[in-house]
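Visitor: I would like to go through this structure by question and answer. Please give the reasoning before each result.

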Amino acid sequence: MEDILTTASTLKYTGAIKKILEQELEKPSEEFVRFFASRIYGGRLTQSVLEQFRKIVKKAREQFINEKINDRL
């Protein structure tokens with residue numbers, strides 16, 4: 001019974017995480033963009049910097065997915 005509950009819980013959370021990832025990859029939130037920008041940008045994260053990084057995050061996402069698809073082919 002415990003294994004069934006653990007599996008169900010894992011499936012529930014996995015589905016929720018996949019949905020969040022899908023949303024973030026389609027339209028990155030400010031928090032998502034800020035997550036990456038804060039790790040690679042040394043300056044102050046102004047609104048215009050975040051807008052630049054929003055475009056960079058989208059481009060990086062596209063390249064990442066394309067590379068993963070090409071690797072599998």
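Visitor: What covers the buried residues of α2?

Guide: This is a predicted model. Helix α2 spans residues 30–40, and Phe-32, Val-33 and Ala-37 are buried in it. The cover over these residues includes α1 and α3 (47–72).

Visitor: Within what arc do the buried residues of α2 fall, seen down the axis?

Guide: The residues concerned are Phe-32, Val-33 and Ala-37, which are buried in helix α2. They line one face of the helix, because the view down the axis of α2 puts them within an arc of 125°.

Visitor: Which residues are exposed on the other side of α2?

Guide: One side of α2 carries Phe-32, Val-33 and Ala-37, which are buried. On the other side, the exposed residues are Glu-31 and Arg-39.

Visitor: How many helices and how many strands does the chain have?

Guide: From the N terminus on, the elements run α-α-α. The secondary structure therefore comes to three helices and zero strands.

Visitor: What is the radius of gyration of the chain, against that of a compact globule of 73 residues?

Guide: Along the principal axes, the C-alpha atoms fill a box of roughly 50 × 35 × 20 Å. Of the 73 residues, 15% count as buried. A compact globule of 73 residues would have a radius of gyration near 11 Å, but for this chain the value is 17 Å.

Visitor: What share of the area that the chain exposes do carbon and sulfur atoms supply?

Guide: The chain exposes about 6,500 Å². Of this area, carbon and sulfur atoms supply 57%.

Visitor: Is Lys-12 buried or exposed?

Guide: Lys-12 lies in helix α1, residues 2–26. Its relative accessibility is 57%. Exposed means over 50%, so Lys-12 counts as exposed.

Visitor: How far apart in space are Lys-12 and Lys-58, C-alpha to C-alpha?

Guide: In sequence, Lys-12 and Lys-58 are 46 residues apart. In space, C-alpha to C-alpha, the distance is 27 Å.

Visitor: How many aromatic pairs does a search of the whole structure find, and what is the angle between the planes of Phe-32 and Phe-36?

Guide: The search of the whole structure finds three aromatic pairs. Phe-32 and Phe-36 form one that is edge-to-face, 5.1 Å centre to centre. Both residues lie in helix α2, four residues apart, about one turn of the helix. The count is three, and the angle between the planes of Phe-32 and Phe-36 is 80°.

Visitor: Which residues do ring pairs link into a cluster?

Guide: Phe-32 counts as buried at 18% relative accessibility. Phe-36 is partly exposed, with a relative accessible area of 34%. Ring pairs link these two with a further residue, and the cluster is Phe-32, Phe-35 and Phe-36.

Visitor: Why is the pair of Tyr-41 and Phe-53 edge-to-face, and how many residues apart in sequence are the parts that it ties together?

Guide: The ring centres of Tyr-41 and Phe-53 are 5.7 Å apart with the planes at 70°, so the pair is edge-to-face. Tyr-41 lies in the loop between α2 and α3, and Phe-53 in helix α3. The pair therefore ties together parts whose separation in sequence is twelve residues.

Visitor: Which of Tyr-41 and Phe-53 is buried?

Guide: Tyr-41 has 32% relative accessibility and counts as partly exposed. The relative accessible area of the other residue is 9%, and buried means under 20%. The buried residue is Phe-53.

Visitor: How far apart are the closest N and O atoms in the salt bridge of Arg-34 with Glu-30?

Guide: The structure holds three salt bridges. Arg-34 and Glu-30 are four residues apart in helix α2, so about one helical turn separates them. In their salt bridge, the distance between the closest N and O atoms is 2.9 Å.

Visitor: Which of Glu-51 and Arg-54 is buried?

Guide: The side chains of Glu-51 and Arg-54 meet in a salt bridge, 3.4 Å from N to O. At 36% relative accessibility, Glu-51 counts as partly exposed. Its partner has a relative accessible area of 18%, so the buried residue is Arg-54.

Visitor: With which residues is Arg-61 in contact, leaving aside its neighbours within four places in sequence?

Guide: Arg-61 has its place in helix α3 and counts as buried at 17% relative accessibility. Arg-61 also forms a salt bridge with Glu-62, with the closest N and O atoms 3.2 Å apart. Leaving aside neighbours within four places in sequence, Arg-61 is in contact with Leu-25 and Glu-26.

Definitions and conventions
Residues numbered from 1 in each chain as written. Heavy atoms only, no water. Helix = DSSP H or I, 4+ residues; strand = E, 2+ residues; numbered from the N terminus. Buried < 20%, exposed > 50% of the residue type's maximum accessible area, 1.4 Å probe, protein only. Arc of directions from axis to C-beta. Contact = heavy atoms within 4.5 Å. Phe/Tyr/Trp six-rings, centres within 6.5 Å; stacked < 30°, edge-to-face > 60°. Rg over C-alpha atoms; globule rule 2.2 N^0.38 Å. Areas by Shrake-Rupley, 256 points an atom, 1.4 Å probe, with all protein chains shown as cover. Salt bridge = Lys/Arg side-chain N within 4 Å of Asp/Glu carboxyl O.
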